[in-house]
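Q: Please take a close look at one part of this structure with me, and then work outward from there. I would like one connected account that I can follow with the model open beside me.

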Amino acid sequence: MELGLYTFGDVGTDPVTGARVDPALRLSQLVEEIALADEVGLDVFGLGEHHRPDYAVSAPAVVLAAAAGRTRRIRLSSAVTVLSSDDPIRVFQQFATLDNLTNGRAEIIAGRGSFIESFPLFGHDLEDYEDLFEEKLQLLMALNEGEVIRWPGSTHTHAIPGRGVYPRPVQERLPIWRAVGGSPQSVARAGALGLPMALAIIGGEPARFAPLFDLYRKSAAQAGQEASALKTSLNVHGFVAETSQQAADIIYPAQAEVMNRIGRERGWGPTNRAQFDAARGPGGAQFVGSPAEMVDKILATHEIFGFDRLLIQMAIGVYDHAHLMKAIELFGTRVAPELRRATA
């Protein structure tokens, strides 16, 4: 099992201390977090692309490149690249460049994204939401297959009459994951294309999503895809501290501020501590607790899904950076070794 972290680079005000974190500070902290994750032996670090004032990362490849020289082993990924509103050629070139800088450690997790700001920003119509992604994903996959691309063009991509795209990655092909939420259509499409799939679960009971993994594998088999290439990732919210109470007390105020702020935009009801604590239980979606609790919950979830990778979003909202660095240390030195021994 591969283990890692992902974040969007939240900026704003700490709801507990009132301290302000601006983009310059947050990006500097991010490089430190990625370096520590590498040092303690985690496998993956992902950065999500957003175009909002509450997140510092609009260009994941740039931030990952800044961390490249501070790391030696950890894989560096987007989480996600909003491919619908980007140029697949530039996305490929950026991550191929990162792959060269890291001697073969770059990855792309491509998705539609959870926000829509990039669509009007880059001149795209939301009515084309589905087609934009599917057509650009096909082009990105074609770019990954060889040096010279011959592309007939589509409604949302232009024709390419046999042109080279450079640099080529160090890896034979860049790993391109497809990010999905709860849509069975997206899950089936990932399987049919033979792409590794990253499923995000931020609420409800994770076990209810297990049939999506079955659908993914069934769709891949029906399309004749090689089973060995079908990796799966579960992407969740979580936090680890020395004790369960400490973990919950640190992360809840920051996470609640984020979820309530987004909830006001989307019409969700407000969250509260009782709901949060319930979700920390064995069947809930919050992976928050002591190292021992984290090990038990992850192993129980792995028993249900059989995933190859688990990515945890610990940096949710704004809180004391020292707490986050300690959490990364605990995850890498006390949680990860136990999980690897149990699943070897």
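A: Let's begin with a pair of helices, α10 and α11, whose crossing is right-handed. This is a predicted model, so please read everything that follows as a description of that prediction. On the α10 side, the contact is made by Pro 291, Met 294, Val 295, Ile 298, Leu 299 and His 302. Facing them from α11 are Phe 331, Arg 334, Val 335, Glu 338, Leu 339, Ala 342 and Thr 343. By class, the contact comprises nine nonpolar, two polar and two charged residues. As for the geometry, α10 covers residues 291–305 and α11 covers residues 321–343; the two pack at an angle of about 35 degrees, and their axes are 10 Å apart.

It helps to place this pair against the annotation. An unreviewed UniProt entry lists residues 1–304 as "domain: Luciferase-like". Across residues 1–304, the chain is 42% helix and 19% strand, and the C-alpha atoms at the two ends of that stretch lie 14 Å apart.

Now follow α11 to an enclosed space. The structure holds one cavity of 30 Å³ or more, and the largest cavity contains about 40 Å³ of space. Its lining includes Leu 324 and Ile 328, along with Leu 5, Tyr 6, Thr 7, Glu 33 and Phe 45; Ile 312, Gln 313, Met 314 and Ala 315 complete the set. The elements giving two or more residues to this lining are α11, β1 (2–7) and β14 (309–313). β1 provides the largest share, three residues. Sorted by class, the cavity lining has eight nonpolar, two polar and one charged residues.

From there, turn to the open spaces. The largest pocket holds about 910 Å³. Of the 40 residues that line this pocket, Phe 8, Gly 113, Ser 114, Ala 200 and Ile 202 lie nearest its centre. Four strands and one helix each give two or more residues to the lining: β7 (106–111), β10 (176–180), β11 (197–201), β12 (232–240) and α8 (244–266). The lining divides into 22 nonpolar, 13 polar and five charged residues.

Strand β10 leads on to the second largest pocket, which has a volume of about 470 Å³. Pro 175, Ile 176, Gly 194, Pro 196 and Ala 229 are the closest to its centre among its 22 lining residues. Here the elements contributing two or more residues are β10 and α5 (129–145), with α5 supplying the largest share, three residues. The class breakdown for this second lining is ten nonpolar, four polar and eight charged residues.

Before you close the viewer, look at a few backbone details in the loops. Pro 167 sits in the loop between β9 (160–164) and β10, and the peptide bond leading to it from Tyr 166 is cis, with omega near 0 degrees. Another cis peptide bond joins Ala 79 and Val 80, where omega is about 15 degrees; Val 80 belongs to the loop between β5 (75–78) and β6 (81–82). Lastly, Asn 103 has a positive phi of about 55 degrees although it is not a glycine. You will find Asn 103 in the loop between α3 (88–101) and β7, and β7 is one of the strands in the lining of the largest pocket.

Note on methods. Residues are numbered from 1 along each chain as its sequence is written. This is a predicted model: local features need pLDDT of at least 70, side-chain atom pairs count only at pLDDT 80 or more; totals for chains, interfaces and linings use all residues. Side-chain values use heavy atoms; hydrogens and water are left out. Axes are lines fitted to C-alpha atoms, for helices over the stretch in contact, and angles run from 0 to 180 degrees between N-to-C directions. A crossing is left-handed if the near helix is turned anticlockwise from the far one by less than a right angle, and right-handed if clockwise. Contact means heavy atoms within 4.5 Å. Ala, Val, Leu, Ile, Met, Phe, Trp, Tyr, Cys and Pro count as nonpolar, Asp, Glu, Lys and Arg as charged, and the others, Gly among them, as polar. On a 1 Å grid over the protein atoms alone, a cavity is a set of points where a 1.4 Å probe fits but cannot get out, and a pocket is an open set with protein on both sides within 12 Å along at least five of seven lines; lining residues have an atom within 4 Å of a point. Grid points are joined across faces, edges and corners, and a volume is the space filled by probe spheres set on the points. UniProt positions are given in the numbering used here, feature names are shortened, and annotations may be inferred rather than shown by experiment.
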